[in-house]
There are 2 protein chains.
Amino acid sequence: MVMENPHQTNVVKGALHERGLRMTPQRISILSLFHNSSSGDHLSADDVHQRLTQNETPMSLSTVYRTLHLMSQMGVLRELELAEDHKHYELNPRSDESHHHLVCIRCTKTIEFKSETMQKVGEKVAKGSGFALLDCQLVIHALCPVCQRSM
Amino acid sequence: MVMENPHQTNVVKGALHERGLRMTPQRISILSLFHNSSSGDHLSADDVHQRLTQNETPMSLSTVYRTLHLMSQMGVLRELELAEDHKHYELNPRSDESHHHLVCIRCTKTIEFKSETMQKVGEKVAKGSGFALLDCQLVIHALCPVCQRSM
DNA sequence: TACCAATTGCAAATAATTCTCAGGTATCCG
DNA sequence: CGGATACCTGAGAATTATTTGCAATTGGTA
Ligand SMILES: [Mn+2]
Ligand SMILES: [Mn+2]
Ligand SMILES: [Zn+2]
Ligand SMILES: [Zn+2]
């Protein structure tokens, strides 16, 4: 069940080395998990932890948190703050496949959508201020049709 | 020091009544605080609590949390998830003055910028799925020039 | 003015995330 | 090949933002 993505793994390994960090079995397992998830899977730290356990690659929840944080800092993962009380993660999409989220603040139903302009705006704004872009996300908070009725 | 904004206050009062809720002194104080803040002031629950105390309108921190949450649900305030471990709030800007945030994930330096297209995209996407728009925010995570050097 | 649901303050509870630290392990060097 | 060093992990405790339960209070209305 654990299928690796050698290319991406090596790219990350290189980035880790540049910082004096290492590619460990735990980090490989977490990256594989995300590579094998379908788009639209937004995983919490706990989700990741549970799936790893099912996948025969259990590890400490602390390590999961540490890895998710590190990978987000490196721009490999993307941290989503949707309408829940905890963070969710997904692979940080390549600029040509970037997508964004429309989320109901009441039932947390989430819809992904694409928009090329967004990424361009992000790149332009970041460059304009001399910032190095890591992730650019539009979040639309709204009420879904169902929740609009039940108010 | 506490100057009210009668118009906006009445609008909110009406919206509260529609839900069977009340306009209390505490809610008025919190709204006034935001109306008297300058753009770019992103206040945490604790910031709000401290400023209210200075303003001679102290109240319980629970009430602050409850009010910030309620006002966000109503679309009066806007909840910001920037690069810190707690939420920040600001007045939810009218559609014609909407703005967005570029934030350094390392030092949390935050820059506001405008972009008309963004709001339009948000409105279009929400409508396209039958959602009722509350808030639409682009967050760009990046590294500021200073932090890029110190790595 | 009396009533009643909404609201508040306080303290306790919750839950996500981080920290501490001791025991591994990869990597580098002589 | 060892040994030194720095990185990494697991386990659990600690931290901290936020929520909740409850009794007392209050706003808005009849
Ligand atoms: Mn997504
Ligand atoms: Mn702002
Ligand atoms: Zn909904
Ligand atoms: Zn910075």
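A residue counts as partly exposed when its relative accessible area lies between the buried limit of under 20% and the exposed limit of over 50%. That scale helps in reading the close-ups below, all taken from a predicted model.

**View 1. Five side chains hold the manganese ion (ligand 1) in chain A.** Here you can pick out the donors: three histidines, A:His42, A:His99 and A:His101, each offering NE2, together with A:Glu90 and A:Glu112, each through OE. The coordinating distances run from 2.2 to 2.3 Å. Along the sequence, the spacing of these donor residues reads H-x47-E-x8-H-x1-H-x10-E.

**View 2. A:His101 and A:Glu112 meet at the metal from two strands.** A:His101 belongs to strand β3 (residues 99-104) and A:Glu112 to strand β4 (residues 110-114), eleven residues apart, so the pair links distant parts of the chain. Is each of the two buried or partly exposed? A:His101 has 0% relative accessibility and therefore counts as buried. A:Glu112 has a relative accessible area of 27%, which means that this residue is partly exposed.

**View 3. Chain A and chain B meet across 35 residues on each side.** Putting the two chains together buries about 2,900 Å², with carbon and sulfur atoms giving 70% of that area. On the chain A side, A:Ile105, A:Phe131 and A:His141 lose the most area to chain B, and together they make up 20% of what that side buries. Look for polar links and you will find ten residue pairs in polar contact (both at pLDDT 80 or more), while the count of salt bridges between the chains is zero.

**View 4. Strand β5(A) gives the largest share of the chain A face that touches chain B.** Its contribution is twelve residues. The elements that give two or more residues to this side are β3, β4, α5 (116-128), β5 (132-143) and α6 (145-149) of chain A. Sorted by class, the face has 23 nonpolar, nine polar and three charged residues.

**View 5. A:Glu56 has a positive phi without being a glycine.** Most residues other than glycine have a negative phi. For A:Glu56 the angle is about 70°, and the residue sits in the loop between α3 (45-54) and α4 (61-73) of chain A. With a relative accessible area of 68%, A:Glu56 is exposed.

**View 6. In chain B, B:Glu56 also has a positive phi of about 70°.** B:Glu56 is found in the loop between α3 (45-54) and α4 (61-73) of chain B. Its relative accessible area is 68%, so B:Glu56 is exposed.

Terms used: Residues are numbered from 1 along each chain as its sequence is written. Chains are lettered from A and ligands numbered from 1 in the order in which they are written. Side-chain values use heavy atoms; hydrogens and water are left out. Donors are N, O and S atoms within 2.8 Å of the metal (3.2 Å for Na, K and Ca); water is not among the atoms, so sites may look incomplete. Helices (H or I, at least four residues) and strands (E, at least two) are DSSP runs, numbered from the N terminus. Buried means under 20% relative accessible area, exposed over 50%, partly exposed in between (1.4 Å probe, protein chains only). Contact means heavy atoms within 4.5 Å. Buried area is the accessible area (1.4 Å probe) that two parts lose on being put together, summed over both. A salt bridge is a side-chain nitrogen of Lys or Arg within 4 Å of a carboxyl oxygen of Asp or Glu. A polar contact is a pair of N or O atoms within 3.5 Å; within protein, one must be able to donate a hydrogen and the other to accept it, and residues adjacent in sequence count only if both atoms are side-chain atoms. Ala, Val, Leu, Ile, Met, Phe, Trp, Tyr, Cys and Pro count as nonpolar, Asp, Glu, Lys and Arg as charged, and the others, Gly among them, as polar.
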